[in-house]
Amino acid sequence: MPEFRLSPTERLTIANAVPEPTWLDALPSDWARLVWFPDANRFRADKESYIASMIEWAASEALKEQVARAVAPAAELSDVAQIANLARKLQRLLRSPNSYRQDFATAYFGRELLGTRHVSGDAIYKHAVLDELLSEIVAEEDFVRDCMRAWQANDHLRRPKHVALSAFVSQVMCFWIVWTGKPSGKGTEGGPAARFVRDATNPLLIFADKELGITLNSRGLLDETAAAQLVKSLA
């Protein structure tokens, strides 16, 4: 996946949207400042670079989330069956009279597990313990599939197409609160927080569209009002 990076102009625009943290000086102690804003010294030393690095990190994580949740529900359910089938195959190997095939199956569990007291002892005991574990996996196949279906039905981030947008804006709002000592705002008309969200989010929308072919926001780029509405919907 192409790497998301802000342009020099975008970096400067976003940095200018965040006020200097003079409010930190009013806190009663260094400890209070450390608790509220642990990276304050880095922020003050190079505000533009610090903010850019955090925005780029949040964007990259959000895009990873988008890609991960793009897996079709049917493919996830197929994984459940494949895992259970693998357990059945390992069981057949363990139950084989051929010791070579038994050792082959046992090797999949790794030396660390096989060295614990729960699986220690002679080969017959180890195989019995591992066989029981595999039986549990096979027995729970239907239960796990039902759990997966329930999770898919109730996943509030799966229903909208814009997983990355929601995840990114939520993180950006947290940045704003930490960096400014102010709430992210609950109005729908705009303000400093909404302008910051707009300036931080639009580069991600452009990148996703041009580089990944993903439309993260069906309404296009954010203006100040749209950013404010988005902030309110996620607050």
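Hi everyone. Before we start, one term: a helix here is a DSSP run of H or I with at least four residues, and helices are numbered from the N terminus. With that in hand, let's look at helix α2, which spans residues 30–36 and holds V35. Please keep in mind that this is a predicted model.

So, what is V35 doing on the outside? This residue has a relative accessible area of 54%. The cut-off for calling a residue exposed is over 50%, so V35 counts as exposed. And V35 has company: together with W31 and L34, V35 makes a nonpolar surface patch of about 360 Å².

Now let's step back to the whole chain. How many helices and strands does the chain have? There are twelve helices and zero strands, and reading along the sequence you just get α-α-α-α-α-α-α-α-α-α-α-α. Of the 235 residues in the chain, 36% are buried.

Next stop, the pocket. The largest pocket has a volume of about 250 Å³. Which helix gives the most to the lining of this pocket? That would be helix α12, residues 224–234, with four residues. If you want to find the spot on your screen, the lining includes L165, then the run N217, S218, R219, G220, L221 and L222, and also A226, Q229, L230 and S233. By class, the lining splits into five nonpolar, five polar and one charged residues.

So, two places to look at on the model: the nonpolar patch of W31, L34 and V35, and the largest pocket, with helix α12 giving the most to its lining. Thanks, everyone!

Definitions and conventions
Residues numbered from 1 in each chain as written. Predicted model: local features only at pLDDT ≥ 70, side-chain atom pairs only at ≥ 80, totals over all residues. Heavy atoms only, no water. 1 Å grid on protein atoms, 1.4 Å probe; cavity = no way out; pocket = protein on both sides within 12 Å on 5 of 7 lines; lining within 4 Å. Points joined across faces, edges and corners; volume = space filled by probe spheres on them. Helix = DSSP H or I, 4+ residues; strand = E, 2+ residues; numbered from the N terminus. Nonpolar A, V, L, I, M, F, W, Y, C, P; charged D, E, K, R; others polar. Patch = residues over 30% accessible without salt bridge, like charges linked within 9 Å, V, L, I, M, F, W, Y side chains within 5 Å. Areas by Shrake-Rupley, 256 points an atom, 1.4 Å probe, with all protein chains shown as cover. Salt bridge = Lys/Arg side-chain N within 4 Å of Asp/Glu carboxyl O. Buried < 20%, exposed > 50% of the residue type's maximum accessible area, 1.4 Å probe, protein only.
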